[in-house]
Amino acid sequence: MTGTEGRFSEAAMRRTLANLAQELHVSDADARLLRLTNNAVFALPAADLVVRITRTHRLHARVRKVAALGAWFEQVDAPTIRLAGDIEQPLADGDLLATVWRYVEPHEPSPDAGDLGVALRTFHDLGLPPFELPAWDPIGDARSRLDDAEGLAGSDRDYLLAWCDRIEPRLQDFASQVNPGLVHGDAHEGNLLRDEFGRVLMCDFDATCIGPWQVDLVPAPANEGRFGATGGHDKLAAAYGYDITQDPSWDLLREARELKMIAAAVPLLASAPGVADEFRLRLDTVRNGDTATRWTAFGDLSRRS
């Protein structure tokens, strides 16, 4: 087992969770792993908490941003989950950082793309918080992940960096033509919860930034193209009131989304079961112009392992 595997494996994340639970004076005996991607996300239902632990050192600035956003969301009554109260955030365990949220027991019906469209409309109308947020920079994000790239072959790195170089000027030109606003940054149905009162709440604000509102409408149709599900985009477009696939920027934004979906795997190639094979499949399909082969979500790979 490599140092990377030991450092960011599920077992290591559970040890960090145990340390944080001790600091919070709660039990982790009922801990349930919800996600194991760039964050290890654990539910502690008995304590009514969810703990999100970052699995890469290069995203620590994001954790601090997310903590600030969580506090602001409470103030403006945003359609989002809430930070746990009376906890100074983020928490630290050595050089790992975590945020702690109020646990929301999911209720039926599960939120769909129509719910996402309504939530996004409200989210985009919040305006900007009274503190600085990073500018939308999908290429800078991709490059930072390539820097955190143990296990990435040199030829793959070269291809991904060249891809970044090729589309970055076009993305910058697009962004300069749109009034910047609050962008969730990873808007899809998996980042929604329905609470006991029927409210739909957004979660996962790692990628929240200031940028063009259109980018939040891209994941649904882009995911349909690569993962095979259908129908969600039509619901999203109807609920939000805009069809991003008819936007002149659609092809560019779809390409940027696919780059993100591939680069997201890079920091985890050596530590997350199945990710290396899925990364290989995704990159090869893009390089070969293959739009028929279906991808599998990284979170689903973790749950199956």
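This passage describes an open sheet in a predicted model, its central strands, and one buried loop residue. Residues are numbered from 1 along each chain as its sequence is written, and side-chain values use heavy atoms, with hydrogens and water left out. Because the model is predicted, local features need pLDDT of at least 70 and side-chain atom pairs count only at pLDDT 80 or more, whereas totals for chains, interfaces and linings use all residues.

Helices (H or I, at least four residues) and strands (E, at least two) are DSSP runs, numbered from the N terminus. Two strands are taken to pair if DSSP finds at least two bridges between them. On this basis, 5 strands form an open sheet with antiparallel pairing, in the order β1-β2-β3-β5-β4. The edges are occupied by β1 (32-36) and β4 (91-93); each has a single partner strand, so one side of each is left without a neighbour in the sheet. From one strand to the next, the twist averages 25°, where axes are lines fitted to C-alpha atoms, for helices over the stretch in contact, and angles run from 0 to 180 degrees between N-to-C directions.

Strands β1 and β2 run antiparallel and are joined by 4 bridges. A hairpin through 2 residues links them, and Leu33 has Phe42 in β2 as its bridge partner. On the next pairing, β2 (residues 39-44) and β3 (residues 49-54) are antiparallel over 6 bridges. Ala40 lies opposite Ile53 in β3, and Val41 lies opposite Arg52 in β3. The hairpin of β2 and β3 has 4 residues between the strands, and in this hairpin Asp48 takes a positive phi near 60°.

Burial was assessed from relative accessible area (buried under 20%, exposed over 50%, partly exposed in between; 1.4 Å probe, protein chains only). In β2, 6 of the 6 residues are buried, so this strand is largely enclosed by the rest of the structure. In a regular strand the side chains alternate between the two faces of the sheet. In β2, Asn39, Val41 and Ala43 point one way, while Ala40, Phe42 and Leu44 point the other way, and all are buried.

Outside these strands, Gln214 is found in the loop between β9 (209-211) and α7 (219-227). Gln214 counts as buried because its relative accessibility is 7%. With contact defined as heavy atoms within 4.5 Å, and not counting residues up to four places away in sequence, Gln214 touches Phe174, Val178, Ile244, Asp247 and Leu253.
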